[in-house]
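Please look through the sequence and the structure below before reading on. The paragraphs after them are meant as a guide to two bound ligands.

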Amino acid sequence: MSGFSVTEPSNRQKWIAAVLVILYALITIAPLLWIIATGFKSPEDAIAYPPKVLFEPSLEGYVNLFTTRTRITEGMQQTLPPPATWYQQIARDSGTMIAGPSRYGQRFLNSVVIGFGSTFLSIFFGTLAAYAFSRFRVPIKDDLLFFILSTRMMPPIAVAIPIFLMFRQLGLNDTQLGMILLYTAVNLSLAVWLLKGFIDEIPLEYEEAALIDGYTRFQAFYKVVLPQAATGIASTAIFCLIFAWNEYAFAVLLTSGTAQTAPPFIPTIIGVGGQDWPAVAAGATLFLIPVMIFTILLRKHLLRGITFGAVRK
Amino acid sequence: MAEVTLRNISKSFGPQVALADVSMTVPDGSFVVLLGPTGAGKTTTLRMISGLDRPDSGTILVDGTDVGAHSPAERNMAMVFQQYSLYPHLSVHDNLAFPLKSPMLRTPRDEIARKVAEVAEILQISHKLDNKATELSGGEMQRVSIGRALVRDPQIYLMDEPLSSLDAKLRSDLRIELKRIQASMGATLLYVTHDQIEAMTMATHIGVLDEGRLVQFGPPREIYENPVSIYAASRLGSPKINILPADLFPGAPAGAAHIGLRPEHIRLGEGIEARVKRVEHLGDQTRLHLTINNHDLITLTDPHTTDKPGDTVKITPQTPLCFDAGGDRIK
Ligand SMILES: Nc1ncnc2c1ncn2[C@@H]1O[C@H](COP(=O)(O)OP(=O)(O)O)[C@@H](O)[C@H]1O
Ligand SMILES: [Mg+2]
């Protein structure tokens, strides 16, 4: 072999690469670890300076996240019956009494419904539109594609007021349906562009073979094109979900009660009984989990990558 | 199986004329081979018939019915693509079963299993049935692609250079197999090839395409013995027909500009002197490369010939083919 072999890096090169990758991973993951750790700190430890790396774990943040509490005095402590459950005990230890459940669970559920609902619709319509743009002779195709993309060019705040007025007319203000439609509309441009790229890469020959083999155009689409677009669909779905999941500006402006998602809700936790950083951190930690699970489930489609086809070039 | 007729089919891609006024009938139960160099319009012809492309003008009839408005599925034709086009997400077995599972056929399970096994056996790919279609060699992909057509019983089989990637042994096996299937099932085939052995041995009819025009259509022997032009004459014969100036030999008919000599038109022993340039032993034939007044020609000779380069031999044309200045045949 010549000295230009690209097959095997030397050991030293591997070490340098490993160190760089680990360093980069630590830097990106540090805020995440910080949040997760803060969720398990007591309020005093959470604001301690210098920050505590080692601390006694506490579930107080999580209890506070899921409950509303009233402050009780020393005197009242004596008269109350002893706490019946471990979480009542935790509340009691911090001088409060649980008054009822918080709205975090319901806000979280809104996020799930709106996030996954809009992701499903974005992928559904996005795939159909991308297929049409990729395969059919659409009049003024390039203009239409540019127009679709241009919906992403302005900041949400620029369109928030017209949308707010429109939603009020249609009775969509503060409804899950309204937020699903809005996020679908925003994500659709991304979905169409990404998916069109993936579908363009799938040779036309497979569909032609399916047409010859006795299938209709639509059957060829879902029997032959869809399975091969799986990689593209999976990655597009992840992008759509992450956007809808984390979206803040529209959610703040268009939801306040029944349809409020978790992102605008989490900061409001701070106000309940002082600066409750552990509860905020606990809310953020739990909020990460669904996206992480979704990404891990779809990961095998991402890693499979582009399979080299069985078409002779 | 059915008779397929093309009537005045024309097709252009932008300025590029792919087919110009092609009319031809593929009779029921026949094996028609299309010959022509790359770009002659062979693939385009198959795509018109299958319905993947629409002609600019002209009609296509199947058993007398105009199928112009029918979708490819409705035409019920099987096609072997030049570029294989196997479904990469399916196994070899599922590729072969795919047409049988179509809404057009809805074949019962045990019938699918039987047909797939039978076709895999014929094509010698039984041991690869569980492979992904992408995990095959070029020759294996090509066989799966033939198999995907053979599992069906269509109006017509359209095959675009189906044996081009196979080694010689497999190619001759499959040549015999395809011919047998065609003869025993009475199938109709329209077949594209560059290989003249395939054309001569399998065809009942040959169509010669030249830049989108069908210049001759007829049985292989007729194309070989009675070509209409230098172009048609050059499609068949190995070694290729020798085209020489008519005045090189005495006795050319009036108006002849070129004469065409196949080896069987050349008698060795007397006549005009030719110098031997090379003797080529190919195993099944022995070629003699000659030159007369700087015009080269190739003929066949006895395998035990003692001729060697630099020798002189004498040759006489016998009933040669004569062509005018434009390349058309003069009778
Ligand atoms: N989709 C297409 N777009 C543009 N030109 C094409 C297309 N298909 C075929 N052609 C042209 O039509 C002519 C005939 O092509 P084809 O039928 O593929 O030839 P063959 O199969 O005999 O090699 C060629 O000149 C080719 O470049
Ligand atoms: Mg071709």
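What follows describes the surroundings of ligand 1 and then the site of the magnesium ion.

This is a predicted model, in which local features need pLDDT of at least 70 and side-chain atom pairs count only at pLDDT 80 or more, while totals for chains, interfaces and linings use all residues. Residues are numbered from 1 along each chain as its sequence is written, chains are lettered from A and ligands numbered from 1 in the order in which they are written, and side-chain values use heavy atoms, with hydrogens and water left out.

Around ligand 1 stands a shell of residues (each with a heavy atom within 4 Å of it) that includes B:Phe13, B:Gln16, B:Pro37, B:Lys42 and B:Thr43. Helix α1 of chain B gives the most to this shell, with three residues. An oxygen atom of ligand 1 lies 2.6 Å from an N or O atom in the side chain of B:Thr43, and a polar backbone atom of B:Gly41 is 3.0 Å from an oxygen atom of the ligand. Of the 560 Å² of accessible area that ligand 1 has on its own, the protein covers 63%.

B:Thr43 also takes part in the second site, where its OG1 atom and OE1 of B:Gln82 are the protein donors of the magnesium ion (ligand 2), lying 2.0 to 2.4 Å from it. These two residues are 39 residues apart, with B:Thr43 in helix α1 (residues 42–50) and B:Gln82 in the loop between β6 (78–80) and α3 (92–97) of chain B. B:Thr43 is partly exposed (between 20% and 50% relative accessible area, with a 1.4 Å probe and protein chains only), at 29%, and B:Gln82 is partly exposed at 25%.

Methods
Donors = N, O, S within 2.8 Å, 3.2 Å for Na, K, Ca; no water. Helix = DSSP H or I, 4+ residues; strand = E, 2+ residues; numbered from the N terminus. Polar contact = N/O pair within 3.5 Å; in protein donor to acceptor, adjacent residues only side chain to side chain. Areas by Shrake-Rupley, 256 points an atom, 1.4 Å probe, with all protein chains shown as cover.
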